[in-house]
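Trainee: I would like to go through the terms used for this model and see what backs each one. Can we start with contacts?

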Amino acid sequence: MQDASLLKVLAKSFLAGDPAVEQIVLRCSRTLGRRWRWLRPLAQRYVKTFAGRTRPRQRDVIDFLHRDKGLRRARSKYSAEIAPVQSLLEPQQMRPVAATGEWGLPPIESPGALAEWLALEIGELLWFADLKGLEYRKYQPKLSHYRYHVQVKQSGGIRIIEEPKPRLKQIQRQILSQILDKIPVHPAVHGFVKGRSIKTFVTPHVAKRVVLRMDLQDFFPSFSASRIQTFFRTLGYPEAVADLLGGICTNATPRIVWRTSWITADPHQRQELRMVYSRPHLPQGAPTSPALANLCVYRVDCRLAGLARSAGAAYTRYADDLAFSGDATFERRVERFSTHVAAILLEEGLRVHHRKTRVMRLGVRQRLTGLVVNQRLNVARRDLDQLKAILTNCVRLGPDSQNREAHPNFRSHLEGRVGFVEMINPAKGRRLRKIFEGIQWQ
């Protein structure tokens, strides 16, 4: 048997299940037909190398085996006697972590099974996954999977919305509903989670002596395709399946997008954004991106929640908005606490938008995601007065006179804003609802 085939057989046995030394030795012994003396030291070196990490890729294990001096000596000494008895063509199996047993994830053990599950031909599956990066390197609008919209923020920054086209969006929604929605998120997460909202996000911080608000920079693009593929491997999906699922849920922004008008972006900012978005990442606009971001940040949420508890503070997160609050003890250490938070985020591959960090004590208006939390939860007075004026003018002058931003469905837009106020402050919401019902719509 050739050395390359031996490495593949050993790698497959190493990755087949529990990475405990004894289990690895047993699997390799069955594969090779004999319990070789060099197997246990090899298994111990493997476990030591990959301990505490996500299950490695097969190519990483093969590289480890290729470099291992002990295995090299065994191959040269026993090459004529080592003969595996199992086929290399056997399909891979689901190897989920223990916690996934209660989630009811669909078993998908091969690319063919994934194509069947998504009702696709295998060629269509490879095209949608785009593991070769053709969307980025050879962009053609009609063949592209995404539509791109460049938005300029009020702060002067740039946001790129990557909207998947209908067929890809349908595939992503299936992955969201049948895989991602079944996985629980951290209790501190309130964004894009059923049963939670902006109200549940800010409620723990009402009437606190100090509120610390922090913002994550380039939140969705911070999650690379390799990180998403690793997440699917952690769920137990074989490497080939995890790579395809990760490819479907990530995208690299084509070069042509950066040739659009950049009136407010300086060259340095444009170059930095191009580097961030040119790597395969979670696209802002895909239905799977919020759920994947929440799940990939689970360890970050655990660390930040533990840090907050140790400081006597409360912690919640809504997408890229982080909020901490506490009493007088926390108020005295809040600046040093924010430094520790930034360090944890940096270790986890995320960056803080330091210009948006705010320490808000009782003497100032404490605002989180547009809501005031000083004494009780409320909508900012300025926003209430503005909405009331718009509704009143709609009654007096007609709704067309107030649709200055050209909303395609202005009635639904106003009704949504009134409903938001009703959720936060029912009494004021009822008064606004009464004015809204007096508008004469054509």
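Mentor: A polar contact is a pair of N or O atoms within 3.5 Å, where one must be able to donate a hydrogen and the other to accept it. Keep in mind that this is a predicted model.

Trainee: What makes the reach of arginine 317 to the backbone oxygen of alanine 319 a polar contact?

Mentor: The side chain of arginine 317 comes to 2.9 Å from that oxygen. The cut-off is 3.5 Å.

Trainee: Why is arginine 317 called buried?

Mentor: Its relative accessible area is 1%, and buried means under 20%, so arginine 317 is buried. Arginine 317 sits in strand β4, residues 313-318. It touches residues including His190, Phe201, Phe219, Asn294 and Asp301.

Trainee: Why are helices α11 and α14 called roughly perpendicular?

Mentor: The axes of α11 (residues 225-234) and α14 (residues 289-296) cross at roughly 75° and come within 11 Å. Angles of 65 to 115 degrees count as roughly perpendicular, so α11 is roughly perpendicular to α14.

Trainee: Which residues make that contact?

Mentor: From α11, Arg227, Ile228, Phe231 and Phe232; from α14, Leu292, Leu295 and Cys296. They divide into 6 nonpolar, no polar and 1 charged.

Trainee: How do you know that β9 and β10 pair?

Mentor: Strand β9, residues 371-372, shares 2 bridges with β10 in the antiparallel sense. Pairing needs at least two bridges. Valine 372 stands opposite asparagine 378 in β10.

Trainee: What makes β8 and β10 edge strands?

Mentor: The open antiparallel sheet runs in the order β8-β9-β10. Strands β8 (367-368) and β10 (378-379) each pair on one side only.

Technical notes
Residues are numbered from 1 along each chain as its sequence is written. This is a predicted model: local features need pLDDT of at least 70, side-chain atom pairs count only at pLDDT 80 or more; totals for chains, interfaces and linings use all residues. Side-chain values use heavy atoms; hydrogens and water are left out. Helices (H or I, at least four residues) and strands (E, at least two) are DSSP runs, numbered from the N terminus. Buried means under 20% relative accessible area, exposed over 50%, partly exposed in between (1.4 Å probe, protein chains only). Contact means heavy atoms within 4.5 Å. Axes are lines fitted to C-alpha atoms, for helices over the stretch in contact, and angles run from 0 to 180 degrees between N-to-C directions. Angles under 35 degrees count as roughly parallel, over 145 as roughly antiparallel, 65 to 115 as roughly perpendicular and the rest as oblique. Ala, Val, Leu, Ile, Met, Phe, Trp, Tyr, Cys and Pro count as nonpolar, Asp, Glu, Lys and Arg as charged, and the others, Gly among them, as polar. Lists of a residue's contacts leave out its neighbours within four places in sequence.
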